[in-house]
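Work through the following exercises on aromatic contacts with the model in view, and compare your reasoning with each solution.

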Amino acid sequence: MDRNSAIGLTLIAVLLIGYFYWFSPQPQPVAPDTTTTHSTAPAKKDSLTATAPVVNDSALQVAYGDAAVAMKGIETPTVIETADLKITFSNKGGSIKELELKKYQSYQQKYRTKEHRPLKLVSPEFSEQKLLAQFQGRELDLYSLYYQVDQKQEGDTTVVTFTASLSNGSSIAHTYKIPKLGYEIGYAISSKGLDSQLTGDNLSFQWKYDAQPFEKDLTDTRNNTTITYYSDADGFNDLSPRSTGTQAEALANPVKWVAVKEKFFLASIIAKDNFAGGELQTSMNPADSSVVKSTSVKLLIPKKSLAGTASFKFYFGPNDYKIIGDVAERFKDNVNLGWRPVYWINKFVIFPVFHFLTQHITNYGIIIIILVILLKLVLFPLSYRSYLSMAKMKVLKPELDEIKERVGDDMTKVQQEQMKLYQQVGVNPISGCVPVLLQMPILFAMFYLFPASIELRQQPFLWAEDLSTYDSLIQLPFTLPFGVGSHISLFTLIMTISTLIYTWQNNQLSSVQGPMKSMSYIMPVIFFFFLNSFSAGLTFYYFISNLVTFGQQAVIKRFVDESKIRAIMEENKKKNAAGGGKKSKFMTKLEEAMKAGEEARKRADEEKKRRKS
């Protein structure tokens, strides 16, 4: 590709982006899906204020013993609002009944203008907690008692305490500490005399939670929803997020924390010491689009901890790498940064640069463009080496073609002659691959960065309404196979076109022929099917990366003189012919491997002839 072609492609890209920026249709609100099935979760109550059913005192005494006195009352809410949370407690149970994230919106709330659906991580509709204990020979749910409420302020922290007194003089209290900022809620269970009346070694904290569809892409959300946990013995673990059936796991070792993780949000409980063990389960009903996944958490709280104060904390908030790092040990692993060494590149290079840019620039499309340019500048030496290697192969192409015509179909002989030519002119045939391989971890780092970055959530750019998911400007009246769906992502489409142009350009410099050359054109099309439902931020990044590469190659071409390369190769030929050349270690090993392969082939041919005779 000459300079004029590169300039032309760049101008076309600029015109396309400019057209869609100023003239593209605005994303229209999506009509509510009338075919959605409904969850089997209990119907939402109109109010948390309710009168308990009238039950005979003697019946309560028989059923609950000394706890009967705390089984009657009127349910009333206590609402606490901070800058980040709106929390509704109930005196029945002394627990959190509703919790809303004030700074985030569900997809339905933001884009379906007729549907009011705040982003709640806790609600009676889909969340139920129990705290079961063996009390006076019967199982008692401590979250079913009625409590007295006390609220006070300690500096910037609101403290809410729920206390239930039993007829035998013992009592139990649940204390919550809600700071002015943040998503952590301190939680403590304390008792006075109650621990001595409980049998068994543990209390059982049980939490049934139906993860809600807060995002545009339900399939992607399901693939990123699971239960994660951490223990000192087992480290960070999770149940398989891509499971379409039921996943269950028994926790034999003490556990520090457990979290229900959706793509961008977490609902979790963390112990100051440890839970004694537990059981976890996730399940999914593909036909029920009102629930992402159903989860069940059972954790054992040692009874002896109630002799003093059992301390915990909840985290209900965004799965944001910048925020969750200090919540608990290994808690930040809930953000998947990829496998090593991709993890290290993201953690120590890409994420710091990305977050630095977000502090100074509000347009995330511009941030992605700047990120591409910065990385391309850092990787420019590798790109130069790769292009120089391809230029050498282009110069050698006529001689390589002549070898194929002269030798014929004997591929072993062709390879030997080609190796001989490479040795004579001083060219390493894989030297162009090494720079490309060194850049691969960066490419994969982006593959993990953009889908996991909550910063891109609901951030619009050009025709995309949300860079964290696919853009669907082109809607189809039918569904394409292989997971493509009923849409065409325009960012993925133009990325694929630019990749095909880039492939064609490289093939002009390469000696690759036959099936391998055809495969180089097929792969970008395969990636189109694969990436069509991925983050628009990711495919936009790859598209801009291709454009910058075109520009880089146009610049590099001005400094790579093919006539000088030819002259150097001819000089190397003369040196090698005179015996002054020296084989590289790579060429020596490659020749040895080819000779060994040729000898093995000859032995195999001789063995075949011997058997036939």
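**Exercise 1.** Establish how many aromatic pairs a search of the whole structure finds, and characterise the pair formed by Tyr176 and Tyr187.

Solution. The search returns 33 aromatic pairs, where rings of Phe, Tyr and Trp (its six-membered ring) pair if their centres lie within 6.5 Å, and planes under 30 degrees apart count as stacked, over 60 as edge-to-face and the rest as tilted. Tyr176 and Tyr187 are stacked, at 4.8 Å centre to centre with 20 degrees between the planes. Tyr176 belongs to strand S11 (residues 171-179) and Tyr187 to strand S12 (residues 184-192), 11 residues apart; strands are DSSP runs of E, at least two residues, numbered from the N terminus. Tyr176 is buried at 1% relative accessible area, and Tyr187 is buried at 3%, buried meaning under 20% (1.4 Å probe, protein chains only).

The model is predicted, so local features need pLDDT of at least 70, side-chain atom pairs count only at pLDDT 80 or more, and totals for chains, interfaces and linings use all residues. Residues are numbered from 1 along each chain as its sequence is written, and side-chain values use heavy atoms, with hydrogens and water left out.

**Exercise 2.** Describe the pair of Phe275 and Phe312, and place both in a cluster.

Solution. Their rings are stacked, 5.5 Å centre to centre and 20 degrees between the planes. Phe275 lies in strand S18 (residues 265-275) and Phe312 in strand S21 (residues 309-318), 37 residues apart. Phe275 is buried at 1% relative accessibility, as is Phe312 at 9%. Both belong to one aromatic cluster, whose members include Tyr176, Tyr187 and Trp207.

Technical notes:
Helices (H or I, at least four residues) and strands (E, at least two) are DSSP runs, numbered from the N terminus. Buried means under 20% relative accessible area, exposed over 50%, partly exposed in between (1.4 Å probe, protein chains only).
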